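Trainee: Could you walk me through how to read strands and sheets in a model like this one? I would like the general idea along with the case at hand.

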Amino acid sequence: MKRTLLLATLLAGASSLAMAAPRNSDPDWPCEQVKVSELSVGSFWNGPAIDAATADWQKDAAVASLVGAVTQRRLPMDEAGQRIAAFAKQAGDDKQHELVLVFAGVFDVLNQERRKVIDGLDRFGQRQKVLAANLRQEGEGLRAAQTSTPPDDAKVADLTKHLLWDQQFFETRRQSLRFACDVATTIEQRLYGLSQAIQQNLG
Amino acid sequence: MQTAMNRILVAAIGILLASGNAFALTAYVSNERDNTISVVDMDQMKTIKTIDVGQRPRGILLTKDEKDILVCASDDDTIQIIDRATLQIVGSLPSGPDPETFALRDSGNPLYVSNENDNMVTVIDVPTRKVLAQIPTGVEPEGMAVSPDGQTIVNTSETTNMAHFIDYQTRKVVANVLVDARPRVAMFKHDGSQVWVSSELGGTVSIIDTAKRAVVGKINFAVQGLRSDVIQPVGIRFTKDDATAFVALGPANRVAVIDTKTQKVEKYLLVGQRVWQMAFTPDEKYLLTTNGLSNDISVIDVADQKVIKSIQVGRLPWGVAVAAQ
């Protein structure tokens with residue numbers, strides 16, 4: 001009876017986890033928000049065109065240096081804003097052109113960084129689905145062992161132990177998911193903050 | 001005589017000061033991650049107070065008399081009542097499980113609540129705080145709207161991808177209209193002729209003729225430099241004359257301005273990150289948008305169709321309601 005209850009609890013847990021799974025058009029995507037694979041310039045930028053002419057931003061040493069500095073998340077946003085303002089002042093008549101290059105660079109770097117995170121989340125989601133399927137299979141195996149005659153207590157105990165272990169592993173991963181999803185969000189927030197700072201200095 | 005006049009003047013100033021924010025134009029923003037409501041003084045254009053509420057506050061509106069703020073505390077399975085004068089929680093409404101959004105009948109009662117995890121719409125009598133009915137609809141009910149004449153209630157369901165038309169008298173679903181994937185918000189035009197439904201995954205707004213209960217038009221969005229999967233329509237608002245509609249486009253960080261006659265998008269305004277819900281100030285001078293990722297509200301000047309200000313609020317702002325006085 002106790003074992004049946006345990007199994008029921010485990011299976012109920014697995015099923016509620018499945019229900020709580022995020023809904024999305026990409027079945028493997030594990031985060032709550034709708035998946036956006038790539039960021040778009042238009043979500044952040046109202047300024048002059050970001051196109052082939054701005055693709056070589058890295059060739060401008062001053063731009064590349066500023067982009068490298070302000071995209072580092074350890075640099076507080078206030079300070080990043082001050083650096084952008086100082087850069088704009090120093091650029092003088094070239095301000096407009098240079099700031100557009102800075103945005104192109106910031107967008108490239110952070111979009112690339114985010115893309116790696118998204119790929120990681122995709123893999124996480126796929127792995128979690130496999131783990132959930134394994135859990136279901138283990139639950140069914142345990143149920144079969146419990147109802148078999150003659151009863152095999154040792155096998156039931158062994159299967160229960162494994163199921164508990166895997167359930168805990170699955171749950172720990174699930175709990176860390178929110179933080180993993182937040183990494184992508186943090187990068188987007190950084191990009192938005194930098195875009196705002198650059199656009200303010202455009203005038 | 002002079003002294004008496006001075007006394008009256010001093011008393012009048014005293015009353016004005018004592019009444020504090022009662023005369024200020026005030027917006028209330030639900031912050032989903034912080035479990036708070038930000039109180040925003042629209043004259044100063046800044047957050048002046050933060051109220052602790054239940055878990056995962058989302059839908060927010062004012063009662064008809066504007067004495068109370070109602071907020072869906074989704075993870076607490078309740079709707080909390082906040083007294084506007086004291087900004088204290090003074091009671092709750094039996095919302096049913098996981099209330100996400102709600103709509104009041106124009107008369108101020110009853111309240112229709114979408115229960116996301118329960119496939120139901122709960123009907124609540126606000127004065128007695130009692131459930132009048134629970135109406136089964138589609139899977140994962142989401143948007144709620146009541147027609148201006150109060151005779152039709154529309155609920156959208158995220159997974160069934162439908163707008164369900166509910167009759168006020170019988171409290172039964174009388175029509176199901178298929179829309180694009182993951183419908184979010186339903187909004188009636190003020191003249192009641194159409195209800196617009198945004199589809200977050202479909203990236204469209206379906207225009208439903210209220211009399212025919214059929215989709216008669218669809219609005220698509222395309223912004224230069226924007227991938228189409230970033231366009232995820234959510235909030236919808238019509239100007240009082242129904243001439244212009246505003247649609248919030250989620251992670252596109254844009255609000256589309258639409259001419260309702262031509263059904264064409266005239267402009268895309270860049271606002272804060274992950275723009276979600278919106279509300280007009282009562283004079284319709286400003287439209288406020290909640291921006292989930294940048295933790296602010298954007299203030300749009302409606303006449304100029306320009307974003308004029310960003311006001312910081314709590315984390316993950318979801319909904320906004322503005323008091324007329």
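Mentor: Gladly. This is a predicted model, and a good place to start is strand 9 of chain B, which is joined to strand 10 (residues 120-125) of chain B by five bridges, the two running antiparallel.

Trainee: What holds such strands together in general?

Mentor: Strands in a sheet pair through hydrogen bonds of the backbone, in a parallel or an antiparallel way. Here you can pick out a single pair: Tyr112(B) has Val123(B) of strand 10 of chain B as its bridge partner.

Trainee: How many residues lie between strand 9 and strand 10 of chain B in their hairpin?

Mentor: Four residues separate the strands of that hairpin, and Asn119(B) has a positive phi near 55 degrees.

Trainee: And on the other side, how does strand 8 of chain B pair with strand 9 of chain B?

Mentor: Strand 8 (residues 99-104) of chain B pairs with strand 9 of chain B over four bridges, in the antiparallel sense. Look for Pro99(B), which stands opposite Asn115(B) of strand 9. These two strands also make a hairpin, with six residues between them, and Gly108(B) in its turn has a positive phi of about 100 degrees.

Trainee: How do I read the faces of a strand?

Mentor: In a regular strand, side chains alternate between the two faces of the sheet. For strand 9 (residues 111-115) of chain B, five of its five residues are buried. Leu111(B), Val113(B) and Asn115(B) lie on one side, Tyr112(B) and Ser114(B) on the other, and both faces are covered.

Trainee: Which strands stand at the edges of the sheet formed by strands 16 to 19 of chain B?

Mentor: Take the order: four strands form an open sheet, 16-17-18-19 in chain B, with antiparallel pairing. Strand 16 (183-188) and strand 19 (214-220) of chain B are the edge strands; each has a single partner strand, so one side of each has no neighbour in the sheet. From one strand to the next, the twist averages 25 degrees. Strand 16 of chain B is joined by four bridges to strand 17 (residues 194-199) of chain B, and Ala186(B) has Val197(B) as its bridge partner there.

Trainee: Now the whole chain. How many helices and strands are there in chain B?

Mentor: Chain B has one helix and 28 strands. To judge its overall shape, set the radius of gyration beside the value for a compact globule: with 325 residues that would be near 20 Å, and chain B agrees because its value is 20 Å. The C-alpha trace spans about 70 × 45 × 35 Å along its principal axes, and 50% of the residues of chain B count as buried.

Trainee: Is Ala52(A) buried or exposed?

Mentor: Count its neighbours: Ala52(A) is exposed because 7 C-beta neighbours fall inside 10 Å, and 12 or fewer counts as exposed. Ala52(A) sits in the loop between helix 1 (2-20) and helix 2 (61-70) of chain A.

Trainee: What about the contact between the chains, and the confidence?

Mentor: In the interface, 17 residues of chain B are in contact with 15 residues of chain A. The chain B side divides into eight nonpolar, six polar and three charged residues. The predictor gives the complex an ipTM of 0.75 and a pTM of 0.83. Chain B has a mean pLDDT of 92, with 93% of its residues at 70 or more, whereas over residues 9-22 of chain B pLDDT stays under 50.

Terms used. Residues are numbered from 1 along each chain as its sequence is written. Chains are lettered from A and ligands numbered from 1 in the order in which they are written. This is a predicted model: local features need pLDDT of at least 70, side-chain atom pairs count only at pLDDT 80 or more; totals for chains, interfaces and linings use all residues. Two strands pair if DSSP finds at least two bridges between them. Axes are lines fitted to C-alpha atoms, for helices over the stretch in contact, and angles run from 0 to 180 degrees between N-to-C directions. Two residues are in contact if their C-beta atoms, placed from the backbone, lie within 7 Å. Ala, Val, Leu, Ile, Met, Phe, Trp, Tyr, Cys and Pro count as nonpolar, Asp, Glu, Lys and Arg as charged, and the others, Gly among them, as polar. A residue is buried if 20 or more other C-beta atoms lie within 10 Å of its own, exposed if 12 or fewer, and partly exposed in between; C-beta atoms are placed from the backbone. The radius of gyration is taken over C-alpha atoms; the globule rule is 2.2 Å times the number of residues to the power 0.38. pLDDT is the predictor's confidence in each residue, from 0 to 100.
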